[in-house]
Amino acid sequence: MENIDPALVPTKKLYTGAEMPTIGLGTFASDNYNPEQVSNAVRGAAAFGYRHFDCAAVYANEHKIGEVFQELFSKGIRREELWITSKLWNDMHKYDDAIKSCKQTLVDLQVDYLDLYLIHWPFPNFHAPGCDVNARNPDAIPYIHANYMETWKALEHLVDEGLVRHIGTSNMSIPKMELLLRDARIKPAVNEMEIHPHFQQPEFFQYLVDHDIQPIGFSPLGSPSRPERDKTADDTVDMEDPVILKAAKNHGVHPSAICLKWAVQRGQVTIPFSIKERQYKSNMLAILDDPLTDDEMEEISKIDKNCRLIKGQVFLWKANQSWEDLWDLNGEVTPA
Ligand SMILES: NC(=O)c1ccc[n+]([C@@H]2O[C@H](COP(=O)([O-])OP(=O)(O)OC[C@H]3O[C@@H](n4cnc5c(N)ncnc54)[C@H](OP(=O)(O)O)[C@@H]3O)[C@@H](O)[C@H]2O)c1
């Protein structure tokens, strides 16, 4: 496969006017791959034409990815040609911790600014990486808006200092976003959220579009290799859906390509993960040509099963709750 000219990769314009590549490489390896394998994928993907990388402190591989960014710069790629996202982990929500954590990410990634910095989850509840879904932090607390605003103010300060170009949210709900939009000095530029054909979040998606906040869809392929502990009997498999399979046959591609074409044509930025060369190359190629027809887009819009895969159980803060309580399904922030 020939390398792609990064200039051919479509972008989404954020409310600031900045252009964000519509496809980025995810870097969360679940339990499956080590930091070196992920950083090798970043190297290979960058050589192929990727310029957008979705990182996070909790993925515990930013130090290895930073080595690859340095290599890219030494080969002549300029910092401004890359779009680098990172995220603040849940145990660092206090104002000073958030500043400290961002600075550590800058050291690890070996860059002097981030294009985008997200609050990874709206809950400050620490849980050990890889813990079981039934694990609970005895000190866990609900969403407390004043606390979230303390964290947000730290992110605003990072923008003021020039360490971060854009700030955003992740794993939010409309009720939480309403509060943030009421109180933020700097509006979030994006919201990163789970989106795949079986979990389209149409209402939240439209809300974001209406507020000029760019949706970024994670787990765009339905996260087929997520750890067993994150799977439940009711979970459905996007890439086995008959509508996806039919479109894949029509286009002569793997079902993964249909999920990504749909994502980009619908309007979200997409960040599929793979360390496998064949996969990350074909993921990029999928969005560059042979778009889905209007009929195919329409058919896929009808296979939403409201099937959230990344439920967030470990963030629950009291007994007898269910994961739905994290997502404010009643239209208000779930009371403490
Ligand atoms: N903000 C958040 O809270 C949050 C949460 C989750 C994820 N994310 C971000 O979103 C990224 C992507 O999410 P994800 O990793 O959960 O799910 P995903 O991208 O939907 O699925 C990734 C898996 O799909 C398989 N795959 C990738 N390309 C393929 C292809 N062309 N053909 C067939 N299979 C393919 C690979 O499995 P094998 O490795 O088995 O081949 C890969 O591990 C993460 O890496 C992370 O950066 C953010």
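**Exercise 1. The core**

Find which residues of the largest nonpolar core touch the most other members, and which helix gives the largest share.

*Solution.* Start with the term: a nonpolar core is a set of buried Ala, Val, Leu, Ile, Met, Phe, Trp, Tyr and Cys residues joined through C-beta atoms within 7 Å. Buried means that 20 or more other C-beta atoms lie within 10 Å of a residue's own; with 12 or fewer a residue is exposed, in between it is partly exposed, and the C-beta atoms are placed from the backbone. The largest core has 78 residues, and Val-42, Ile-65, Leu-88, Tyr-117 and Leu-155 touch the most other members. Helix α8 (residues 255–266) supplies the largest share of this core, 7 residues. Helices (H or I, at least four residues) and strands (E, at least two) are DSSP runs, numbered from the N terminus.

A word on what you're looking at: this is a predicted model, where local features need pLDDT of at least 70, side-chain atom pairs count only at pLDDT 80 or more, and totals for chains, interfaces and linings use all residues. Residues are numbered from 1 along each chain as its sequence is written.

Now zoom in on Ile-65. Two residues are in contact if their C-beta atoms, placed from the backbone, lie within 7 Å. Skip the neighbours within four places in sequence, and Ile-65 is in contact with Thr-27, Val-38, Ser-39, Val-42, Phe-53, Cys-55 and Leu-109. One of these, Val-42, is also among the core residues that touch the most other members.

**Exercise 2. Helix α3**

Work out how the buried residues of α3 are arranged around its axis, and what they pack against.

*Solution.* First, the length. Helix α3 (residues 95–109) has 15 residues and reaches 21 Å from its first C-alpha to its last, close to the 21 Å expected at 1.5 Å a residue. The expected span is 1.5 Å times one less than the number of residues.

Next, list the buried residues: Ala-98, Ser-101, Cys-102, Thr-105, Leu-106, Asp-108 and Leu-109. Looking down the axis of α3, they fall within an arc of 165°, so they line one face of the helix. The arc is that of the directions from the helix axis to the C-beta atoms.

Then look for partners. The buried residues of α3 pack against α2 (62–74), β5 (83–88), β6 (114–119), α4 (145–160) and β7 (164–170).

Last, step off the end of the helix. Gln-110 follows α3 and sits in the loop between α3 and β6. Its phi is near 60°, a positive value in a residue other than glycine. Gln-110 is partly exposed because it has 16 other C-beta atoms within 10 Å.

**Exercise 3. Helix α4**

Do the same for α4: which residues are buried, and which exposed residues does the face turned away from them carry?

*Solution.* The 16 residues of α4 should span 22 Å at 1.5 Å a residue, and the end C-alpha atoms are 22 Å apart, which agrees. The buried residues are Tyr-148, Thr-151, Trp-152, Ala-154, Leu-155 and Leu-158. These cover an arc of only 150° around the axis, which puts them on the same side of α4. Turned away from that buried side is a face with the exposed residues Ala-146 and Asp-160. On the buried side, packing is against α3, β6, β7 and α5 (174–183). Just after α4, Gly-162 takes a positive phi of about 80°.

**Exercise 4. Around the ligand**

Describe the shell around the ligand: which residues come nearest, and what classes make it up?

*Solution.* A residue is near a molecule if its C-beta atom, placed from the backbone, lies within 6 Å of it. There are 29 residues around the ligand, and Gly-26, Phe-218, Leu-221, Ser-223 and Phe-273 come nearest. Sort the shell by class and you get 9 nonpolar, 16 polar and 4 charged residues. Here Ala, Val, Leu, Ile, Met, Phe, Trp, Tyr, Cys and Pro count as nonpolar, Asp, Glu, Lys and Arg as charged, and the others, Gly among them, as polar. Helix α9 (residues 277–286) gives the largest share of the shell, 3 residues.

Now pick out Ser-223. This residue is in the loop between β9 (214–218) and α7 (242–251). Phi of Ser-223 is near 40°, positive although the residue is not glycine. Ser-223 is buried, since 22 other C-beta atoms lie within 10 Å.
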